[in-house]
Amino acid sequence: MAKKGRVFSGIRPTGRAHLGNYLGAFKNYVALQDDYECVYCIVDLHALTTVEDTLNLKQNTYDLALDMLAAGIRPEETILFVQSHVPQVTELHTILSMVSPLGKLTDLPTFKDMVRQHPNNVNYGLVGYPVLMTADIVLYKSDLVPVGIDQAPHLEFARETVRSFNYRYNTKALIEPQMKSAEVPKVLGIDGKEKMGKSLNNHIELALTPEETRQRVMMMVTDPQRMKRTDPGNPDVCNVFTMHKTFTPKEDVEMINVECRRAGIGCVDCKKRFAENLNKALEPFRARRAELAAKPDRVHAILEDGARRARAIAEVTMREVRAAVQLP
Ligand code: SF4
């Protein structure tokens with residue numbers, strides 16, 4: 001079946017993936033493969049902007065690739081590769097930086113957030129992050145980029161940069177990417193308060209064993225007002241209930257919704273049920289992951305093949321870009 005266009009998405013290698021990555025990104029990545037030609041990039045150069053992400057960078061990159069493949073990325077059709085394996089991206093980044101107004105870059109909310117989070121490491125890479133991101137997108141002649149609301153300003157920046165470049169150099173070398181609105185669910189961590197993430201240690205890694213997964217689930221914070229088993233609960237404010245909606249059969253979700261409100265089910269039992277359903281849902285992932293983990297050469301070969309295919313597209317773009325800016 002003919003595909004509807006080319007989708008690009010980049011993901012930072014922050015180590016073994018967790019449930020938040022699965023629900024917030026992988027699920028959508030896997031589904032997009034049915035209709036689009038997909039280019040998924042593990043953005044290791046972007047990880048260099050923050051010191052903590054560079055620890056174990058190689059291992060983190062490998063682990064993320066393994067998790068993405070286990071989650072259902074199909075490397076025969078999708079291009080899965082590592083950003084730094086395609087050096088053309090840094091060349092394009094430099095060229096695009098000449099049409100990227102500094103004021104606009106320092107005005108982006110994500111830059112301001114990063115400055116707040118890393119006050120002792122405000123480096124050029126942080127300012128230029130959206131330029132490198134633009135280079136990532138346009139290098140592969142991408143039509144669509146799935147973005148959540150927080151990334152929308154970056155995509156808008158990319159679109160403006162493409163227009164500026166094409167106008168300044170009187171060329172059509174770069175394609176203006178369109179936004180593919182993606183519903184990125186905010187997955188809360190086991191603390192029930194903050195977004196799930198490694199840095200807060202409130203995550204549930206996909207690669208945990210069933211028993212380890214159960215233990216993490218049993219640590220999940222529930223309705224904070226429900227102090228005793230006999231207190232009625234409120235599923236609307238409970239993260240366990242939110243997760244049930246994704247992993248538990250509909251009729252059981254309805255039962256929990258009713259029973260929780262009249263203290264017919266306790267939080268311990270409710271979490272046990274969730275752990276069971278989550279473990280069941282993760283069975284195919286774990287089986288694929290174990291199979292791939294036993295053959296690390298296969299994972300490396302997939303990434304090499306992805307980089308080879310990505311470089312072929314990148315070189316076509318760069319020939320046009322170099323010609324436009326009159327570089328050899
Ligand atoms: S019974 Fe379930 S839904 Fe209700 S508060 Fe406890 S964990 Fe949450």
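How does Tyr169 count at 25% relative accessibility: buried, partly exposed or exposed? In this predicted model, Tyr169 counts as partly exposed, because its relative accessibility of 25% is not under the 20% that marks a buried residue and not over the 50% that marks an exposed one. Tyr169 has an aromatic partner, Phe165, and the two ring centres lie 4.9 Å apart with the planes at 45 degrees. The pair is described as tilted because an angle of 45 degrees falls between the limit of 30 degrees, under which planes count as stacked, and the limit of 60 degrees, over which they count as edge-to-face. Phe165, for its part, is buried, with a relative accessible area of 0%.

The structure holds five aromatic pairs, and another of them is formed by Phe8 and Tyr140, whose rings are stacked with 5.8 Å from centre to centre and 5 degrees between the planes. This pair links distant parts of the chain, since Phe8 belongs to strand 1 (residues 6-11) while Tyr140 is in the loop between helix 8 (124-139) and strand 4 (144-147), 132 residues apart. Both Phe8 and Tyr140 are buried. Ring pairs also bring in Phe81, so that Phe8, Phe81 and Tyr140 are linked into a cluster.

Charged side chains were examined next. Side chains of opposite charge can pair when their charged atoms come close. The count of salt bridges in the model comes to 24, and one of them joins Lys4 to Asp35, with 3.9 Å between the closest N and O atoms. Lys4 is in the segment before strand 1, and Asp35 is in the loop between helix 1 (19-32) and strand 2 (37-42), so the salt bridge links parts of the chain that are 31 residues apart. The two partners fall into separate classes of accessibility: Lys4 is exposed, with a relative accessible area of 60%, whereas Asp35, at 27%, counts as partly exposed.

The loop between helix 1 and strand 2 also holds Asp34, which forms a salt bridge with Arg74, the closest N and O atoms being 2.9 Å apart. Arg74 is found in the loop between helix 4 (57-71) and strand 3 (79-82), and 40 residues separate it from Asp34 along the chain. Arg74 counts as partly exposed at 26% relative accessibility, and Asp34 counts as partly exposed at 45%.

A further salt bridge is formed by Glu176 and Arg159, whose closest N and O atoms are 3.3 Å apart. Glu176 is in the loop between helix 9 (152-168) and strand 5 (178-181), Arg159 is in helix 9, and the two are 17 residues apart. Glu176 is partly exposed, with a relative accessible area of 26%, but Arg159 counts as buried, because its relative accessibility of 17% is under the cut-off of 20%. Elsewhere, salt bridges that share partners join Lys3, Asp34, Arg74 and Glu77 into one network.

The loop between helix 9 and strand 5 also contains Thr171, which is buried, with a relative accessible area of 18%. A polar atom of the Thr171 side chain lies 2.9 Å from the backbone nitrogen of Ala173. When neighbours within four places in sequence are left aside, Thr171 is in contact with Phe165, Asn166 and Ala324. Phe165 therefore appears twice in this description, as a contact of Thr171 and as the ring that pairs with Tyr169.

Technical notes: Residues are numbered from 1 along each chain as its sequence is written. This is a predicted model: local features need pLDDT of at least 70, side-chain atom pairs count only at pLDDT 80 or more; totals for chains, interfaces and linings use all residues. Side-chain values use heavy atoms; hydrogens and water are left out. Rings of Phe, Tyr and Trp (its six-membered ring) pair if their centres lie within 6.5 Å; planes under 30 degrees apart count as stacked, over 60 as edge-to-face and the rest as tilted. Helices (H or I, at least four residues) and strands (E, at least two) are DSSP runs, numbered from the N terminus. Buried means under 20% relative accessible area, exposed over 50%, partly exposed in between (1.4 Å probe, protein chains only). A salt bridge is a side-chain nitrogen of Lys or Arg within 4 Å of a carboxyl oxygen of Asp or Glu. A polar contact is a pair of N or O atoms within 3.5 Å; within protein, one must be able to donate a hydrogen and the other to accept it, and residues adjacent in sequence count only if both atoms are side-chain atoms. Contact means heavy atoms within 4.5 Å.
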